[in-house]
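This report looks at a pocket and at the pairing of strands in a protein model. Please have the sequence and the coordinates at hand while reading.

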Amino acid sequence: MIDFRYHLVSIVSIFMALAVGIVLGAGPLKENIGNTLTSEVANLRADKAALRSELTAADKGTQARDEFTLASNRTLLAGRLKGTTVTLVVLPGADSNLVKTTQGTLATAGAVVGSTISVQDTWVDQDKAAFRATLGQQLASQVGVPIDQSGGDVVNAVLARSVLAKAGSTSTGAAAALEGLRTGELIRYTPDKVTASSVAVIVAGMVTGSDAAVREQRATGLSHLAGALDAAGAGAVLVTQSLAPGATNTTSVVSTSRADGDQSKLLSTVDDADIPMGQASLVFGVLEQEAGRSGQYGLAPDSSATFPPLATK
């Protein structure tokens with residue numbers, strides 16, 4: 001039974017232990033404890049300085065490699081896409097600097113941009129799904145798209161067949177279909193007279209928002225559009241910028257496409273197009289598509305290689 005005597009003994013024991021600790025810490029162990037703490041602090045400071053030096057060196061190396069690759073690209077990529085007409089498709093949320101850089105790279109490679117299509121946010125607005133399906137079915141006959149498929153697939157195919165044509169095929173009614181999509185505020189495009197292309201380059205942004213299900217729905221819709229563009233011509237390359245470390249509430253259209261087992265066998269993707277190496281991957285990715293091959297390139301964990309094989313063309 002716990003009584004007053006028991007509590008008294010416990011309290012006395014605690015104070016005795018405390019007293020012994022104070023005596024030892026202030027006496028014979030004072031020097032050892034102080035030296036140990038001083039040594040550990042010094043080691044931590046040294047580790048911090050070493051890590052900072054390593055980070056500085058790594059940043060400097062990365063910057064130097066990017067500058068070298070950027071300079072090399074002018075020679076490496078020059079004329080690689082000569083004779084190729086490309087449709088440049090800009091998805092909602094695409095970074096404007098990435099779009100501008102991609103346009104410059106295509107020009108360096110000698111490609112002709114037949115049209116630039118800016119896909120509007122309404123393309124994946126769930127509240128507009130019925131409208132898109134109806135409009136797609138109304139325009140489908142203009143470009144020979146069968147309507148025995150989902151509404152989303154129909155409107156994707158209408159846009160794809162309006163700007164892309166496989167060798168030997170024609171796309172009558174493409175102008176009317178594009179105008180219909182523009183009137184429906186699903187796309188904008190330049191120039192007004194679109195030149196049919198053989199290949200599509202699609203610039204994607206990150207899909208953001210606090211609702212993961214909505215992000216997934218929108219990323220999947222944009223990924224399917226990229227798949228339709230790939231199927232309508234000689235191929236397509238979907239590119240995006242690198243995902244920022246620690247980014248939250250973000251879904252990558254490229255990762256969504258890669259997670260689609262069937263689509264990833266056909267559509268090429270680049271996840272680091274914001275750096276010069278990624279821009280080179282874009283050009284060689286187009287060449288690879290024209291040769292009937294595909295790949296998933298970049299620095300993200302779900303890529304299959306850092307960059308495509310360097311073609312000899």
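How do the residues of the lining of the second largest pocket divide into nonpolar, polar and charged? In this predicted model, the lining of that pocket divides into five nonpolar, eight polar and two charged residues.

The second largest pocket has a volume of about 250 Å³, and 15 residues line it, with Trp123, Arg132, Gly152, Gln217 and Gly221 lying nearest its centre. Three helices, namely H4 (129-140), H5 (151-163) and H7 (212-232), each supply at least two residues of this lining, and H5 gives the most, with five residues.

The strands can be described through their pairing, which the table sets out.

| Strand pair | Bridges | Direction | Example of bridge partners |
|---|---|---|---|
| E1 (residues 85-90) and E2 (residues 112-119) | six bridges | parallel | Thr87 and Ser115 |
| E2 and E3 (residues 187-190) | four bridges | antiparallel | Thr116 and Thr190 |

Strand E2 thus appears in both pairings, joined by six bridges to E1, with which it runs parallel, and by four bridges to E3, with which it runs antiparallel. Between E1 and E2, the chain passes through helix H3 (residues 96-108), and the resulting β-α-β crossover is right-handed. On the E1 side, Thr87 has Ser115 of E2 as its bridge partner, while on the E3 side the bridge partner of Thr116 is Thr190.

Notes. Residues are numbered from 1 along each chain as its sequence is written. This is a predicted model: local features need pLDDT of at least 70, side-chain atom pairs count only at pLDDT 80 or more; totals for chains, interfaces and linings use all residues. Side-chain values use heavy atoms; hydrogens and water are left out. On a 1 Å grid over the protein atoms alone, a cavity is a set of points where a 1.4 Å probe fits but cannot get out, and a pocket is an open set with protein on both sides within 12 Å along at least five of seven lines; lining residues have an atom within 4 Å of a point. Grid points are joined across faces, edges and corners, and a volume is the space filled by probe spheres set on the points. Ala, Val, Leu, Ile, Met, Phe, Trp, Tyr, Cys and Pro count as nonpolar, Asp, Glu, Lys and Arg as charged, and the others, Gly among them, as polar. Two strands pair if DSSP finds at least two bridges between them. A crossover is right-handed if, with the strands pointing away from the viewer, the path from the first strand over the helix to the second runs clockwise.
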